[in-house]
Amino acid sequence: MIGKPVEFPTVSLSVRVYQALLLAYPTKFQQEYGSDMVQVFRDCCLWTVHQGGTNGMAKLWVVTLFDLIQSVVSEHRQKETEMKKEMKPQDIRMAGWAFILGGIAFAISLLAGFWGPKAWFVITILLSYICLPLLALGMLGLRSHYAHKVGGFGKSVLLFGAIFGPTISIVGTFLQGVGEFWSLIFIGACIQFACLVLFGLIGIFTQPLPHWNILPIIAGLWFTVRFLNNMIAGFPDEGDPTILDATFIIIQSASMIALGYILKSDVPEEMVATA
C-alpha cells in the first residue's frame, strides 16, 4: 500500500505565502500561469527540504523573492505599456477619488484602535482590503499623470509601493494566526507609505504637483516612522493609543485627501468631457 507523501509544515506554509504573493501579478498573468508557478515552487521546496533541510528554505526564499520582484515589476510595466493608449483623463480623476477614499479609510481603520482590542478585526480588514488598495490606485494615478516630471526612479518607487504594499499586507491577514506573521499587515502598509514618502522627496526637487509638493511626504511619514520605531524596539506593548497618535493619524489622513483632491483637480473638466 502506497502511503500519502509527507507534507512538511515549512513547505505548506511557504506555499501558502507564495500563493498569496502571486496576487501581486496582473490578473490575466495569474490566471494563465499561477497554478503552474505554485506547483513548481512546491516541487522546489520539497527538493530543498530533502537536500538541505529547513535551513535551505531561507536561501530558496531569497532567490524566489528577488526573482518575484523583478518579474512582477516587469509584468506590470508590460501591462502598462499595452494600456497606455487607452488611458483617459477620467481614470486620473478616479485615482484622485481613490486617494480621498483611501485617506478616509486610513483614519477610520487606525482610529478604531481607540475602541480597544476588539477593534483588531476592523483595523486589519479596513487597512488591508480597503485603504491600501485604494491608495495603490491613487499612487498609480500619480505615476501616470506626473511620469514625465518624476523620472524613472520616481515611477519605479510608486509602482513598487502600489504593488507590494497591499499584497504583503493581505498576505499578513491570511497568516495572522501563524506566529508573528501578523506583522506583515503593517509591514506592507509601511512599504507603501515609505514609497509615497520617497516620491515626495523626489517631488521636492522635480515639483510634479501644481502646488503643495510636500503633501506626499506628510501623507506617508507618520506611519512609516512609527512602525519602524516600533519594529526596532521589538514591538513593545505601548497600551492604548494616545491623543498625539490620533492627531498624527488625522494629519496623515488629511494629507492623503488633499493629495487626492489636487490629483483629480489637475485634470481639466473639458478633457474629461471630450475623452
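**Exercise 1. Work out why Cys195 forms no disulfide in this predicted model.**

*Solution.* Start with the partner that Cys195 could have: the closest cysteine sulfur belongs to Cys190. The gap between the two sulfurs is 9.4 Å, too far for a bond. A disulfide would need the sulfur atoms within 2.5 Å. Next, look at the whole model: the structure holds zero disulfides. Finally, check the surroundings of the cysteines. Cys195 counts as buried, at 8% relative accessibility, and Cys131 is buried too, with a relative accessible area of 0%.

**Exercise 2. Find the salt bridge and say which parts of the chain it ties together.**

*Solution.* There is one salt bridge to look for. Its side chains are those of Asp245 and Arg226, with 2.3 Å from N to O. Now place the two residues: Arg226 belongs to helix H8 and Asp245 to helix H9, so the pair links parts that are 19 residues apart in sequence. Then compare their exposure. Asp245 has a relative accessible area of 11%, which makes it buried, while Arg226 reaches 23% and is partly exposed. The dividing value here is 20%, since buried means under that figure.

**Exercise 3. Check the length of helix H9, then describe what its buried residues pack against.**

*Solution.* Take the length first. H9 has 23 residues, and at 1.5 Å a residue it should span 33 Å. The expected span uses one less than the number of residues. The end C-alpha atoms of H9 are 33 Å apart, so the model agrees with the expectation.

Now turn to the packing. The buried residues of H9 include Ala246, Ile249, Met256, Leu259 and Leu263, and among them are also Asp245, Gln252 and Lys264. As a group, the buried residues of H9 pack against four helices: H4 (89-111), H5 (120-145), H7 and H8 (215-232).

Use Lys264 as a worked case. This lysine sits in helix H9 and is buried, at 11% relative accessible area. Setting aside neighbours within four places in sequence, Lys264 is in contact with Arg93, Gly96, Trp97 and Ile100.

**Exercise 4. Map the nonpolar surface patch and decide which helix gives the most to it.**

*Solution.* List the members first: Ile204, Phe205, Trp212, Ile214, Ile218, Leu244, Phe248 and Ile251 make a nonpolar surface patch of about 830 Å². Next, sort them by helix. H7 (184-206) and H9 (243-265) each supply at least two residues. H9 gives the most, with three. One member to inspect is Leu244, which lies in H9 and counts as exposed at 54% relative accessibility. Another is Trp212, exposed with a relative accessible area of 59%.

**Exercise 5. Locate Gln207 and Trp212 and describe their phi angles.**

*Solution.* Begin with what to expect: most residues other than glycine have a negative phi. Then read the two angles. Gln207 has a positive phi, near 50°, and the phi of Trp212 is also positive, near 55°. Next, find the residues in the fold. Gln207 lies in the loop between H7 and H8, and Trp212 has its place in the loop between H7 and H8 as well. To finish, look at their exposure: Gln207 is partly exposed, at 42% relative accessible area, whereas Trp212 is exposed, at 59%. Remember Trp212 from the previous exercise, where it is one of the residues of the nonpolar patch.

How values were computed. Residues are numbered from 1 along each chain as its sequence is written. This is a predicted model: local features need pLDDT of at least 70, side-chain atom pairs count only at pLDDT 80 or more; totals for chains, interfaces and linings use all residues. Side-chain values use heavy atoms; hydrogens and water are left out. Patches are made of residues with over 30% relative accessible area and no salt bridge: like charges are joined within 9 Å, nonpolar side chains (Val, Leu, Ile, Met, Phe, Trp, Tyr) within 5 Å. Accessible areas come from the Shrake-Rupley method with a 1.4 Å probe; for residues, only the protein chains shown count as cover. A salt bridge is a side-chain nitrogen of Lys or Arg within 4 Å of a carboxyl oxygen of Asp or Glu. Buried means under 20% relative accessible area, exposed over 50%, partly exposed in between (1.4 Å probe, protein chains only). Contact means heavy atoms within 4.5 Å.
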